[in-house]
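Work through the exercises below with the sequence and the model in view. Each task is followed by a solution in steps.

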Amino acid sequence: MPTTTRVFNFSAGPAVLPLPVLEEAQRDLVSLPGVGMSVMEISHRSKTFEDLMHQAADDIRALASIPAGYAILMLQGGASLQFSMVPMNLLAPGATADYIDSGSWAAKAVKEAKKVGKVNVAATTKADNYSRLPNAADMALTSGAAYVHMTSNNTIEGTQWTSLPLVGDAPLVSDTSSDMFSGPIDVARHALIYAGAQKNLGPSGVTLVIIREDLLARSSDTLPAMLSYKVHAENDSLYNTPNTFGIYILGLTMKWLRSLGGLDAIACINQRKAGKLYAEIDRTGFYRGTARRDDRSLMNVTFRLATDDLEEAFVKESAAAGFDGLTGHRSVGGMRASIYNAFPEEGIDALVSFMREFERAHG
Ligand SMILES: *Cc1c(COP(=O)(O)O)cnc(C)c1O
């Protein structure tokens with residue numbers, strides 16, 4: 001039976017989920033096979049749920065080849081709560097944390113960290129409207145920093161690191177909310193990785209945290225329990241009731257990713273998808289990519305047209321043609337096509353055709 005018609009969803013987040021994941025969830029929504037209840041109705045302390053959560057964690061470990069010595073946590077509060085939890089747990093009084101200010105989300109992380117402790121903005125590209133990543137020479141790192149915080153993919157501006165910045169011995173903390181598992185990730189070079197699930201991992205309401213276990217010792221016992229990595233790690237993310245349904249969908253999404261061939265395979269697909277779109281943007285000059293070429297994101301493709309009127313027409317006509325969510329973030333303007341792992345390649349091909357036709361009509 002064909003699924004209800006689906007539009008091409010370019011939303012930046014919450015974002016498109018893999019169709020097989022939605023279909024499996026739909027099939028099993030009322031009664032999980034062998035359980036006779038919905039996944040939303042079972043105890044988070046039940047063996048069924050614990051198995052499901054451990055399976056998701058095992059799939060995450062396998063996907064990213066996570067070395068021993070890292071804990072996987074599934075928390076709530078989104079990436080935004082991590083902006084606070086990271087410094088509350090890792091930034092001791094008197095110490096300094098370095099932040100790389102590469103985009104609007106990075107700036108929010110800085111703002112929250114400053115409420116907790118001492119922050120050094122090691123580099124910023126704000127003066128360039130975050131249209132590029134900092135160059136290595138721009139970086140002013142603190143020796144003995146508590147950690148260095150980076151944002152692997154700048155969702156709003158459409159830039160993405162293709163290799164990790166060199167931070168010496170400092171523990172590297174990365175907000176990977178918008179490109180987690182879009183390709184291989186070298187976990188061993190990170191101390192902590194976090195990602196709100198709703199872009200590339202599943203639905204909103206789950207936050208994946210991968211933390212090197214030696215860092216857990218930094219969580220002070222005076223922290224509220226719900227804000228302590230140590231408490232969540234000691235309780236296997238079950239200190240209180242987690243987002244059971246969200247974790248279930250995240251688990252299905254990890255299973256789907258493994259079935260595709262894992263992170264090397266998805267990286268290849270993502271390169272091809274983004275490559276088609278950037279090629280069209282660069283073809284004649286009618287469209288203009290807003291990010292520096294070397295820093296272009298494979299996840300969020302940002303571009304503009306020559307005038308506001310043209311952009312307005314593009315948004316209107318593309319929406320009428322069944323493309324949803326192409327309006328750029330209000331702080332950047334223009335257009336943004338978010339093309340996460342689950343975004344189908346047919347949708348890219350369709351958008352490229354639409355862009356050509358639009359240029360022919362308006363160019
Ligand atoms: C979306 C996003 C956030 C905010 O995520 P929430 O889960 O809504 O708090 C933070 N950082 C990046 C890079 C994002 O893309």
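**Exercise 1. Find the share of long-range contacts in the protein chain, then describe the chain as a whole.**

Step 1. Take the contacts (heavy atoms within 4.5 Å) in the protein chain with a separation of 6 or more; residues 24 or more positions apart account for 66% of them.

Step 2. Note the basis of the values. The model is predicted: local features need pLDDT of at least 70, side-chain atom pairs count only at pLDDT 80 or more, and totals for chains, interfaces and linings use all residues. Residues are numbered from 1 along each chain as its sequence is written, and side-chain values use heavy atoms, with hydrogens and water left out.

Step 3. Compare the radius of gyration, taken over C-alpha atoms, with the globule rule of 2.2 Å times the number of residues to the power 0.38. For 363 residues a compact globule would have a value near 21 Å, and the protein chain agrees because its own value is 21 Å.

Step 4. Count the secondary structure as DSSP runs, with helices (H or I) of at least four residues and strands (E) of at least two, numbered from the N terminus. The protein chain has nine helices and 14 strands.

**Exercise 2. Describe the surroundings of the ligand.**

Step 1. List the shell, where a residue is near if one of its heavy atoms lies within 4 Å. The ligand is surrounded by 13 residues, and the closest are Ser-80, Thr-155, Asp-175, Gln-198 and Lys-199.

Step 2. Find the main contributor. Helix α3 (residues 78–90) gives the most to this shell, with four residues.

Step 3. Look at pairs of N or O atoms within 3.5 Å, the cut-off for a polar contact. Oxygen atoms of the ligand lie 2.6 Å from a polar side-chain atom of Ser-80, 2.7 Å from an N or O atom in the side chain of Lys-199, and 3.0 Å from a polar backbone atom of Ala-79.

Step 4. Check the cover, using accessible areas from the Shrake-Rupley method with a 1.4 Å probe. On its own the ligand has 390 Å² of accessible area, and the protein covers 88% of that.

**Exercise 3. Place Gly-196 and decide whether it is buried or exposed.**

Step 1. Locate Gly-196 in strand β9 (residues 192–196).

Step 2. Apply the cut-offs: buried is under 20% relative accessible area, exposed over 50%, and partly exposed in between (1.4 Å probe, protein chains only). Gly-196 has 2% relative accessibility and therefore counts as buried.

Step 3. List its partners. Leaving out residues up to four places away in sequence, Gly-196 touches Ala-79, Ser-177, Val-206 and Thr-207.

Conventions. Polar contact = N/O pair within 3.5 Å; in protein donor to acceptor, adjacent residues only side chain to side chain.
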